[in-house]
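User: Please take a close look at the part of this model around the ligand, then work outward from there. I would like to see how each description is reached.

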Amino acid sequence: MNPSFLTAQTPTTIAIVGGGFSGSLVATHLLKTASQPLTIKLIERSHQMGKGIAYSTNTNCHLLNVSAGNMSAFARDPGHLLRWLQYNRNELASFFPEEVNASSFIPRKVYGLYIQSILAEAEATAPSDVRLERLTDEVVGVQPEGKGAIVSLRSGLCFAADKVVLALGNSPSAPPAIKNADSNNESYLRNAWSADALADLDLDAPVLLIGTGLTMVDMVLSLHDRQHRGKIYAISRRGLFPQKHQAAKPYPSFLTPETSPKSVRGWLHRLRAEVEVAAAQGYDWRSVIDSLRPITQKIWQKLPTEEQQRFLRHLTPYWDVHRHRIAPKVADVVTEMLDSGQLNISAGRIREYQALPDGVAVTVCQRKTHANTVLHVHRVVNCTGVAADYRRSPHPLIADLRSQGLIRPNAIGLGLDADAHGALYTADSNVSTLLYTLGTPRKGDLWETIAVPELRVQAQELSQALLQSLPVRVRPIPTMLLNKETGDGGSQIPQSSLLFRQLFDPETSSYTYLIADRQTGDAVLVDPVLEQVDRDLQSLDELGLKLRYCLETHLHADHITGAGKLRQQTGCQVIVPQNPAVTKADRSLVGGEIIDVGSVAIEAIFTPGHSASHIAYLVNKTHLLTGDALFIRGCGRTDFQGGDPGTLYDVVTQSLFTLPDDTLVYPAHDYKGRTVSTIGEEKRFNPRFSDSYGALRERSRSQFITIMNNLKLSYPQKMNATVPANEYCGDFIPQDSLNPAMSLATDEEKKQIEITVMTNTEIYNDYFAMYI
Ligand SMILES: Cc1cc2nc3c(=O)[nH]c(=O)nc-3n(C[C@H](O)[C@H](O)[C@H](O)COP(=O)(O)OP(=O)(O)OC[C@H]3O[C@@H](n4cnc5c(N)ncnc54)[C@H](O)[C@@H]3O)c2cc1C
C-alpha cells in the first residue's frame, strides 16, 4: 500500500461503505448540505448502486411491506415519494398500472428506482466542489493513518478518507448448522437473496424453505410468479409467519419509556391487556402495536441486558410477525396457496440432510409431536433472514476492524456499539472519530432500526454530525458581497449565512424574494416575475449564486411567473403548491415540507383562502413570505380561484398569527411602498383582522367574511392571460390559452374576465378601494 498520494491538496473525503438505502441517503444529505469542498466515495460491492438487498429484486410481485405514505426517503418531507410516483406516473405504469395513494404498497423494484433518482438528483444539483464518486468494489480493510484512514478495496485499490461510514445493512444469515450437513452444497442448498436461488428449478419440483418470515414470503411469491406447481414446504422453529396489514384507526399512545415495564414478562402482560382494552373500544391489535413505534427504541434501551436477551430468546418471532406485516395483496397469495395445499408451513427443526441424485432428503423433527418426517425436495432455500452478530461475522471488513480493535461488537450479538449519532465505539470503549454506522448494525442499541422510517432519520442526522465534525474549511465570502453588506470595505463578517433580498416589479407592485446561503452559494427565487427575469439573473450573477429552485406562493392572476424562463436559463427546479391545474412544475409542495437551501431552511405553511392552493414560506424561522394570504395592513382577495374568506381568516389567525411576534412579514405585493412588517404589528394594526387600531381587538370570523364578501373588486385585468400561462409555470404560453374562449377558466370566470377586459378597469386602483 502506498499512501504517497496523500497530498495537502487532497479534499476532505468521506467514504461510505455500502450503497443500499442507508449509504445512498447519507450521500444524498451530504451532497445537499455540505458547505465546504468534499469528496464522497460511495462503495458498493454489487452492481446495483442505490438499491441494496431489499430493493434490487427484479420481480414486480415483491411489494414494499410499508405503505407508500410512510416510505418517503425524507422525514421532513413525508409527501416526497408520492409526488415522485405521481410525477413519473407514465414511466412507471408498466410496473403497477393501478392508481397510487398513501396506502398503496408499491413494488420494491420501483422503490429502488426512487432511491437511485434521489441520489442522481442530489449529485446533479450539488455545488461543483461537492463531488460524488461511485465505486463498484468491496471494502475489505480500513487502516487508521494520521487523523483519517486508508481504505482498501478487494480490487487492490486503496484511497485515503477522513471519515468512514459503515452502511453495511443486512447480511444473509447462515442456514442452521446441521450435523453431517454440507452447508456449502449448492446442488440443493441456496440462499434466498442470491440471484440463483430458484435457477433451473423444475416447475413441479418440491421445495423446502427454511424460515417462515418475510424472506420466506418473498420466495413463495417468486415461486407463485413463475407459476411453480410443485409442493412448497416452509419450516421454522415456531412456524409463525407474518400477519397482514389492514387499515386501522390510530390508537393513542398508552406507554412512555418511563412507565413501560422493565421485564419482558411484564411488558408482554401490559401489551396483551392493552390489546383487550383496545378491542373493547373497537380498535384492531395492529393499532396498539403501531402506537409503540415512536417509543420502541427507548423502551428497548430501558430494558436491562438480561431482559433484552430474554426477549431475543422467547419473543422475537412473535414480535416480528405482528410488527413486520405484509401487504394485503401479498397475504392473499400466501393464503390462497395455503388453502390449496401447495404451501405447507410448519413448526419443527431440521435434523439431517441426505443428498440424493435429484435433490435431498430432509429429516424434520416436528415441534409438538417430536415425530420425524422425511421430505424429498429438489431445492432447499435458506430464508432465515438477517445475520446481525458481529462478534462472529465472517464479513472481511468486519473481521479486519474487529482484529484491529476499531469496533466493539454488541454484547448480545446484535450489531455494533455506537453513540447516539452513530459514531462507533472502539474495543477499548473510546468513541471513534473515524468510523460511523447506521441501520442494521445499530440493532443492539436501538432494536427498531432496520426500516426506512428509522433509517431516513439516522441518515440525515449522521450526515449532519459528519459535516459538523469536519475541520472548518468554508469558502471565502466574495469581497464584493462583504463590501455591499457592510459598506465599510469588508471589515465586518456577516453573522448569518442567510442572504435575503427583496426585489420589486413596479408594474404589478409584486415582490420577488431572493434567498440564498452565502457559504454554499445556493439560491432560490420566490414569486419571480416574467418581465424581471433579466434583473434576477443579473443579481444571481453579481452575487455569485447558483439558482436551485423557483418557488411560487400560489398561481398568480396579476402577472406571469418568471419561473419557467429561469428554469430554461439556469436549470433550476420549479416548485409550486400542490395544485392539479399546474402541469409543468418539477415538484409540488404540501404544508409542513422543508426545502433546504444550503443551511437555509424554508418551511412551507399551507395557507389557502386567497386561493385554494397557497403556501407561505417561513425562512430560517425568522422571515415569513406571506404571498397573498397576508399583506402589510391588508390581505389578498378571496373571490376567485377557489378563494374562501372563512378559510383565509382561519389560516391567518390560527397559523400565521401564532408565529412569534417578531417574525418578519414579507408580502407578495404592496401598493403603498411598504416593504416589511412583523407578525406582532399585523396582529395589532391590520384592519382586516383587528377592529381597533393598535388595541389588539381581533375581528371575528364573521366580520372578516362580511368585509371580504363586500369588496366588490373587479377581476384582474390580465387574468385571462396570466392564469393559463402560470398553469404552465410561464414556461411556454400556448396561444390558445391567451384566447379567453379557450382558457382553462370556468365559465363563470370567463364571463367575469370578459366584463373586466371590456371595461378595462384598472385593477390596482380598486384593489384597495375597500381598505378597511
Ligand atoms: C427483502 C427485504 C425487504 C424489505 N422491505 C422493506 C420495506 O418494504 N420497507 C422498509 O421500510 N424496509 C424494508 N426492508 C428493510 C431494509 O433493511 C431497509 O429498508 C433498507 O433497505 C436497508 O438499507 P441498508 O442500506 O441499511 O442495507 P442494505 O440494503 O443491506 O444495503 C447494504 C449494502 O452494503 C453493501 N455492502 C456490504 N458490505 C460491503 C463492503 N464491504 N463493501 C462494499 N459494499 C458492501 C451490500 O452489497 C448492500 O448493497 C426490507 C429488507 C429486506 C431484506
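Analyst: A term needed below comes first: a crossing of two helices is left-handed if the near helix is turned anticlockwise from the far one by less than a right angle, and right-handed if it is turned clockwise. The model is predicted.

The shell around the ligand has 31 residues, and those that come nearest are Gly18, Gly20, Gly52, Gly169 and Ala451. Four elements each give two or more residues to this shell: helix 1 (21-33), strand 2 (38-44), helix 2 (52-55) and helix 14 (452-469). By class, 15 residues of the shell are nonpolar, 12 are polar and four are charged.

Two of these elements, helix 1 and helix 14, can be followed further. Arg456 lies in helix 14. Is Arg456 buried or exposed? The cut-off for a buried residue is 20 or more other C-beta atoms within 10 Å. Arg456 has 22 such atoms within that distance, and therefore counts as buried. Its C-alpha is 7.4 Å from that of Ser22, although 434 residues separate Arg456 and Ser22 in sequence. With neighbours within four places in sequence left aside, Arg456 is in contact with Leu25, Ala73, Phe74 and Ala75. Ser22 and Leu25 both fall in the range of helix 1, 21-33.

Just ahead of helix 14 is Trp447, in the loop that joins helix 13 (443-446) to helix 14. Most residues other than glycine have a negative phi. Trp447 is not a glycine, yet its phi is positive, at about 60 degrees. Trp447 is buried because 22 other C-beta atoms lie within 10 Å.

Helix 1 also packs on helix 5 (residues 108-125): the two axes come within 9 Å and cross at roughly 25 degrees. Angles under 35 degrees count as roughly parallel, so helix 1 is roughly parallel to helix 5. The crossing of helix 1 and helix 5 is left-handed. On the helix 1 side, the contact is made by Phe21, Ser24, Ala27, Thr28, Leu31 and Lys32, and on the helix 5 side by Ile115, Ile118, Leu119, Ala122 and Glu123. Seven residues of this contact are nonpolar, two are polar and two are charged.

A second helix pair can be set beside this one. Helix 18 (residues 645-654) and helix 20 (residues 701-709) have axes 9 Å apart and pack at an angle of about 130 degrees. An angle over 145 degrees would count as roughly antiparallel, and 65 to 115 as roughly perpendicular. The two helices are therefore oblique to each other. The crossing of helix 18 and helix 20 is right-handed. Helix 18 brings Pro645, Gly646 and Tyr649 to the contact, and helix 20 brings Arg701, Phe704, Ile705, Met708 and Asn709. This contact has five nonpolar, two polar and one charged residues.

Arg633 sits in the loop between strand 28 (623-627) and helix 18. Arg633 has a positive phi of about 65 degrees without being a glycine. It counts as buried because it has 20 C-beta neighbours inside 10 Å.

Pro328 gives a case on the other side of the burial cut-off. Pro328 is in helix 11 (residues 328-340). It has 14 other C-beta atoms within 10 Å, so it is partly exposed. Beyond its neighbours within four places in sequence, Pro328 is in contact with Lys244 and His245. Pro328 is also 9.8 Å from Ala247, C-alpha to C-alpha, with these positions 81 residues apart in sequence.

As for the whole protein chain, it has 24 helices and 30 strands. Of its 772 residues, 42% count as buried. Among the contacts with a separation of 6 or more, 66% are between residues 24 or more positions apart. The contact of Arg456 with Leu25, described above, is one example of a link between distant stretches of sequence.

Conventions. Residues are numbered from 1 along each chain as its sequence is written. This is a predicted model: local features need pLDDT of at least 70, side-chain atom pairs count only at pLDDT 80 or more; totals for chains, interfaces and linings use all residues. A residue is near a molecule or strand if its C-beta atom, placed from the backbone, lies within 6 Å of it. Ala, Val, Leu, Ile, Met, Phe, Trp, Tyr, Cys and Pro count as nonpolar, Asp, Glu, Lys and Arg as charged, and the others, Gly among them, as polar. Axes are lines fitted to C-alpha atoms, for helices over the stretch in contact, and angles run from 0 to 180 degrees between N-to-C directions. Two residues are in contact if their C-beta atoms, placed from the backbone, lie within 7 Å. A residue is buried if 20 or more other C-beta atoms lie within 10 Å of its own, exposed if 12 or fewer, and partly exposed in between; C-beta atoms are placed from the backbone.
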